[in-house]
Amino acid sequence: HWLGCLLLAAVFIFAGCSEGNTDKKTIRLAHALSTSHPVHIGMERMAKLVDEKSNGQLEIAIFPSQQLGSERETLELLQIGSIGMTKVSSAALENFVPELRVYSLPYLFQNDEHALNVLNGEIGRELLLAGEEYWLRGLTYYDAGYRSFYTVNQPVESPEDLQGQKIRVMESQMSVNMVRELGGSPTPISFGELYTALQQGVVDGAENNPPSFLSSRHYEVAKYYSLDEHLMLPDLLLISTLQWDNLSEQEQKWIQEAADSSANYQRQVWAEAEEEAMEIVKEAGVEVIYPDKQPFIELTEPIYDQYRETEPEFFELIQRIKD
Ligand code: EAX
C-alpha cells in the first residue's frame, strides 16, 4: 500500500491516500522556503488548526524547500489542480495576477502600520481574491518583512555600488526593472537554485529579508548585507479554485479560519525571527550596512511612472490610506 501512495504522490494527484480512513482528505501545500523559516512555521500552525477543527478528517501536507518546484511551477500546478495549495511571494504571482504588481513598487508603504492597514483592509482583500479568475484563490497574507541587498564581493553603500553587479531577482518584471533602475544587472533565478548561483559566481548578490537570508544559508556566501529595505512584499497563501470548489462549505470555513488565525500568529513569530536572524548573521561575520535610502528612493521613481501609465488604480487607493 505504501508503494501505491508513493506512486500516486509522484503523479501529483490531490486526493490523498490514507490508511484505514477512507473519508480523510489530504491537501498538498508546496512552497520554496526551508522548515526553519517563520513563514513555514505560520503554515504549520495553519495545518495544525485545520487538523484540530476537522477532527483529523482534513489534512494539509506541507512540502517545503522547493521539493515540488519553484514558485512559478507550484503556481502552475495549482492552476491545473495537481496540488491544492501553495505559498509564494506576491512578486512571483505578478505573471499570473497582474493586479499584484502594485506590491512590487519600491518603498510603497510609509511604515509597518501603513502596510498592515492596506493588507488587512479592503484593498488587501480585493488583491488577495484577484487571482480567483486565474484559478488561484488567496487565503491570507504572511508577513515577509523588508527586502534588502546582499552581496558576495562588494558592499552596497549606495546605488553606485550596484553598477556591474549581477543581482538575482525573483521571476518578476517589476523586480527586474527595479534592479536595472538602481544600476545593477538583474538575473531571475528561482530561490532554490540561488545558493549554488551565489557560490559559483553566477550572480554577485541577491535581495531578501533577514529570515530568508539566514534560513537559506546565503549568508555563508554573501558577507555584505545592506539594509536599504527597498521592498515590502507580502507572502500569499493560495488554494487552487479547483480544490476549493471541491470542498464542503464547512471545510472551506475551517481552512479560511485556520489561515486567518495562522497569519496573526505568524506576525508575532516574524518580529522575533527577524531580530534573531540579524544577530546570527552578524555573529557569522556578515557586515551589515545601513545605507542612506534617499538615493534608492529617487532612482526607483521611473518604476512609478511606468506603473502609473498602465494601472494606477490600486496605487492611488494605497496612497489614500496613507493620508
Ligand atoms: O517567497 O524567492 C524569493 O526570494 C522569495 O523570497 C521566497 O521564495 C519567498
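Two strands are taken as paired if DSSP finds at least two bridges between them, and by this criterion strand β1, residues 25-31, runs parallel to β2 and is joined to it by six bridges. One position in this pairing is L29, whose bridge partner in β2 is I62. The model examined here is a predicted one, and every value reported below was computed from it.

The two strands belong to an open sheet of five strands, arranged in the order β2-β1-β3-β10-β4 and with mixed pairing. Its edges are formed by β2 (58-63) and β4 (136-142), each of which pairs on one side only. From one strand to the next, the twist averages 25 degrees. Two helices pack on this sheet. Helix α2, comprising residues 38-53, touches β1, β2, β3 (85-89), β4 and β10 (235-240), and its direction makes about 160 degrees with that of β2. Helix α11, comprising residues 249-283, likewise packs on the sheet and touches β1, β2, β3, β4 and β10, with a direction that makes about 30 degrees with that of β4.

Strand β3 of the sheet contains S89. This residue has a relative accessible area of 4% and is therefore classed as buried. When residues up to four places away in sequence are not counted, S89 touches E71, M170, L233, P234 and D235.

The nonpolar interior was examined next. The largest nonpolar core has 52 residues, and those with the most contacts inside it are L93, V102, Y103 and L105. Helix α7, residues 173-181, supplies the largest share of this core, namely four residues. For L93, once its neighbours within four places in sequence are left aside, the residues in contact are L75, V88, L100, L136, L236 and L238. A second core, separate from this one, has 26 residues, and I27, V39, M46 and W254 are included in it.

With respect to charged side chains, the count comes to 14 salt bridges. One of the salt bridges is formed by E251 with K25, for which the closest N and O atoms are 2.9 Å apart. This pair links distant parts of the chain, since E251 lies in helix α11 and K25 in strand β1, 226 residues apart. The two partners fall into separate accessibility classes: E251, with a relative accessible area of 13%, is buried, whereas K25, at 27% relative accessibility, counts as partly exposed.

A further salt bridge brings together the side chains of E220 and R217, with an N to O distance of 3.1 Å. Here E220 is partly exposed, with a relative accessible area of 35%, and R217 is also partly exposed, with a relative accessible area of 42%.

In the salt bridge between the side chains of D305 and R308, the N to O distance is 3.7 Å. Residues three or four places apart in an α-helix point the same way, because such a helix has 3.6 residues a turn. D305 and R308 are three residues apart in helix α13 (residues 301-310), so about one helical turn separates them. At 43% relative accessibility D305 counts as partly exposed, and R308 counts as partly exposed at 39%. Salt bridges that share partners also join K53, K253 and E257 into one network.

Helix α5, residues 112-120, was considered in terms of its faces. Its buried residues are H114, A115, V118 and L119. Because these residues cover an arc of only 125 degrees around the axis, they are on the same side of α5. The face turned away from the buried side of α5 carries the exposed residues E113 and N120.

A comparison across the chain can be made between L119, one of the buried residues of α5, and K24, which is found in the loop between α1 (2-10) and β1. K24 counts as partly exposed, at 26% relative accessibility. The positions of K24 and L119 are 95 residues apart in sequence, and their C-alpha atoms are 33 Å apart in space.

Definitions and conventions. Residues numbered from 1 in each chain as written. Predicted model: local features only at pLDDT ≥ 70, side-chain atom pairs only at ≥ 80, totals over all residues. Heavy atoms only, no water. Axes fitted to C-alpha atoms, helices over the stretch in contact; angles between N-to-C directions. Contact = heavy atoms within 4.5 Å. Core = buried A, V, L, I, M, F, W, Y, C linked by side-chain atoms within 4.5 Å. Buried < 20%, exposed > 50% of the residue type's maximum accessible area, 1.4 Å probe, protein only. Salt bridge = Lys/Arg side-chain N within 4 Å of Asp/Glu carboxyl O. Arc of directions from axis to C-beta.
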